[in-house]
Amino acid sequence: MNLLEIMRQRRSVRVYTGEEIPQEKIDMILQAGLLSPSGKGTRPWEFILVRNKETLKKMAGCRTGAANMLEGADAAIVVLGNSDKTDTIIEDCSIALSNMHLMADYLGVGSCWIQGRLREASDGRTTEEYLREILQFPENMKLEAVLSLGIASKKAAAHEIPDVSDVRVHKEKF
């Protein structure tokens with residue numbers, strides 16, 4: 001399968017079977033994130049892998065109505081950016097998340113990007129404050145997002161490949 005086909009097949013998955021993901025697949029997903037490009041090669045990201053079911057259930061409250069899938073997930077990867085290293089942590093962490101999202105799908109693992117930066121938890125705190133209390137990451141580590149992981153309960157249809165003449169593609173000028 002070529003990369004374009006992997007991208008076409010990738011869908012956000014919010015309902016999981018409860019089946020355990022083999023550790024080798026989790027490791028490959030993490031490696032995909034670690035291999036991501038970053039501005040000036042700073043690699044400012046750090047990941048927290050969570051597999052403890054009680055912790056995942058607590059984490060489900062990190063976003064009002066948007067992180068419930070963590071209760072049924074087998075794992076989650078919390079993506080943080082070290083604000084002491086660079087001012088491009090948002091971009092760099094997003095690239096790492098995208099790579100892990102694609103690798104998960106390629107390996108047959110469902111995933112969903114749960115935006116954390118600038119979002120609110122169910123208790124009124126920011127998502128970052130909520131997760132910092134649970135996961136104990138330092139103040140200089142800024143939350144970008146959480147990637148939930150699990151075996152998908154069903155496979156959604158693939159996306160259609162847009163034609164390059166799409167109205168969102170402009171040539172030479174807007």
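**Exercise 1.** Work out which way the crossing of H2 and H4 is handed, and how the two helices run relative to each other.

*Solution.* Start with the handedness: in this predicted model, H2 and H4 cross in a right-handed sense. Next, take the geometry. H2 spans residues 23–34 and H4 spans residues 89–106, and their axes come within 7 Å, crossing at roughly 150°. Now apply the cut-off: angles over 145 degrees count as roughly antiparallel, so that's the label for H2 and H4.

**Exercise 2.** List the residues that make the contact between H2 and H4, then sort them by class.

*Solution.* On the H2 side, grab Met28, Ile29, Leu30, Ala32 and Gly33. H4 brings Ala96, Asn99, Met100, Met103 and Ala104. Sorting them gives eight nonpolar residues, two polar ones and no charged ones. Watch out for Gly, which goes in the polar bin.

**Exercise 3.** Find where Leu118 sits, what its phi is, and whether it is buried or exposed.

*Solution.* Look in the loop that links strand S3 (110–115) to helix H5 (127–135); that's where Leu118 lies. Its phi is near 65°, a positive value in a residue that isn't glycine. Most residues other than glycine have a negative phi. Last step: Leu118 has 71% relative accessibility, so it counts as exposed.

**Exercise 4.** Do the same job for Glu172: place it, give its phi and decide between buried and exposed.

*Solution.* Glu172 is in the segment after strand S4 (141–150). Its phi is positive, about 70°, even though Glu172 is not a glycine. With a relative accessible area of 84%, Glu172 is exposed, the cut-off being over 50%.

Terms used. Residues are numbered from 1 along each chain as its sequence is written. This is a predicted model: local features need pLDDT of at least 70, side-chain atom pairs count only at pLDDT 80 or more; totals for chains, interfaces and linings use all residues. Side-chain values use heavy atoms; hydrogens and water are left out. Axes are lines fitted to C-alpha atoms, for helices over the stretch in contact, and angles run from 0 to 180 degrees between N-to-C directions. Helices (H or I, at least four residues) and strands (E, at least two) are DSSP runs, numbered from the N terminus. Angles under 35 degrees count as roughly parallel, over 145 as roughly antiparallel, 65 to 115 as roughly perpendicular and the rest as oblique. A crossing is left-handed if the near helix is turned anticlockwise from the far one by less than a right angle, and right-handed if clockwise. Contact means heavy atoms within 4.5 Å. Buried means under 20% relative accessible area, exposed over 50%, partly exposed in between (1.4 Å probe, protein chains only).
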